[in-house]
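I opened this entry to record what I looked up in the structure shown below. My notes follow in the order in which I took them.

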Amino acid sequence: MSRPAEEVLSGHPLKASLIPLDRRLAEEYLDCFHSHSCATYRYIPRSQSNEFLGKLYSEDESFLQDDASMAVVFLILAVGSRLYEAAQSRLEKTSSMFPPSILVMQAHCLKCQFLLAVNIFNSAWLAVGTAVRLGQIVGFHKAKAIGSNGLEEFTRRGMFWSLYTMDRYLSAALGRPMMINDDDITIPYPETAVSSSPGIDDSHEAKTVPGIVAHIKSAPLSYHVRLMLLILISTYRLARITTQVLRKLYGSRKHDRLARDESTSEIEVQLSKWLDATPGFLSPEEQSGQKESEVFYDVPWIFKR
């Protein structure tokens, strides 16, 4: 893509009432979202995506009038197409919904994810701020003892920790303050006790997440589900370690060299423990004779020492 993402997006206006894609192509975009883009930000169950897509193409009138639902389905497709303006148009109409529903929160999370995917970091930073504030209105950072079914609770936890991860990534990349205070967090990580599968209700999807298929194609679905959960939690735990890096080593307050060295040692210990508890394919050993093009992982330069 030779032009800036903002220019590309603004050059393809879409009417909010238009269904601009052939259904077969839309299903391919949906597959792409769940197989790849949703590997670390998991808060949209496949069953929900399929249901929404069916209602969109059957022209279900009540669904077409539901701005939050339309924003969600357009943003899922936007990850692989140019439906962002249509999604944004519907999302803007939800601003009067108070308190924000779980659908509205999903739409805002998807917007943040999309803006990050197309490298519009300043807009993503603003979008994450809006999503965080909306979530704080409904207490999405707090543990909820009762009143949620398994899938709804998994979605709520997934949204919070996805936004937390995006917040830390953008703070590191842009050098700006973090928007979520760790002292305010009581919500736990997603767990199998909350949902039998971490947003995965399709066996094909579970086995096509990048990296998982390499050596375990014959493993049962339950194994893929447990591994996916480990991946998610590993991502969230690394984001929490990033918090310590940003606060202790790159914060506004200057520390003397001794304090800085102590903080560095503490973080090194945390990283070693994190690596020991992390699924091996997230940090695979380079094979002798392996071509650079065959390496499927890398650490963004911003995090390299």
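**Cysteines and disulfides**

I looked for disulfides first and found that the structure holds 0 of them. I note here that the model is a predicted one.

I then asked why Cys109 forms no such bond. The closest cysteine sulfur to that of Cys109 belongs to Cys112 and lies 6.2 Å away, which is too far for a bond. The cut-off I applied is 2.5 Å between the two sulfur atoms. I checked the pair from the other side as well: Cys112 is in no disulfide, and its nearest cysteine sulfur, in Cys109, is 6.2 Å away.

**Burial of the two cysteines**

Is Cys109 buried or exposed? I read a relative accessibility of 0% for Cys109, so this residue counts as buried. I made the corresponding check on Cys112, which counts as buried because its relative accessibility is 0%. The limit I used for a buried residue is under 20%.

**Fold of the chain**

I next turned to secondary structure. I recorded 12 helices and 0 strands in the protein chain. Following the sequence, I wrote the pattern as α-α-α-α-α-α-α-α-α-α-α-α.

**Contacts, burial and surface**

I looked up how contacts are spread along the sequence. Taking contacts between residues at least 6 apart in sequence, I found that 71% join residues at least 24 apart.

For the protein chain as a whole, I noted 305 residues, of which 45% are buried. I entered its accessible surface as about 16,400 Å². Carbon and sulfur atoms account for 53% of that surface.

How values were computed: Residues numbered from 1 in each chain as written. Predicted model: local features only at pLDDT ≥ 70, side-chain atom pairs only at ≥ 80, totals over all residues. Heavy atoms only, no water. Buried < 20%, exposed > 50% of the residue type's maximum accessible area, 1.4 Å probe, protein only. Helix = DSSP H or I, 4+ residues; strand = E, 2+ residues; numbered from the N terminus. Contact = heavy atoms within 4.5 Å. Areas by Shrake-Rupley, 256 points an atom, 1.4 Å probe, with all protein chains shown as cover.
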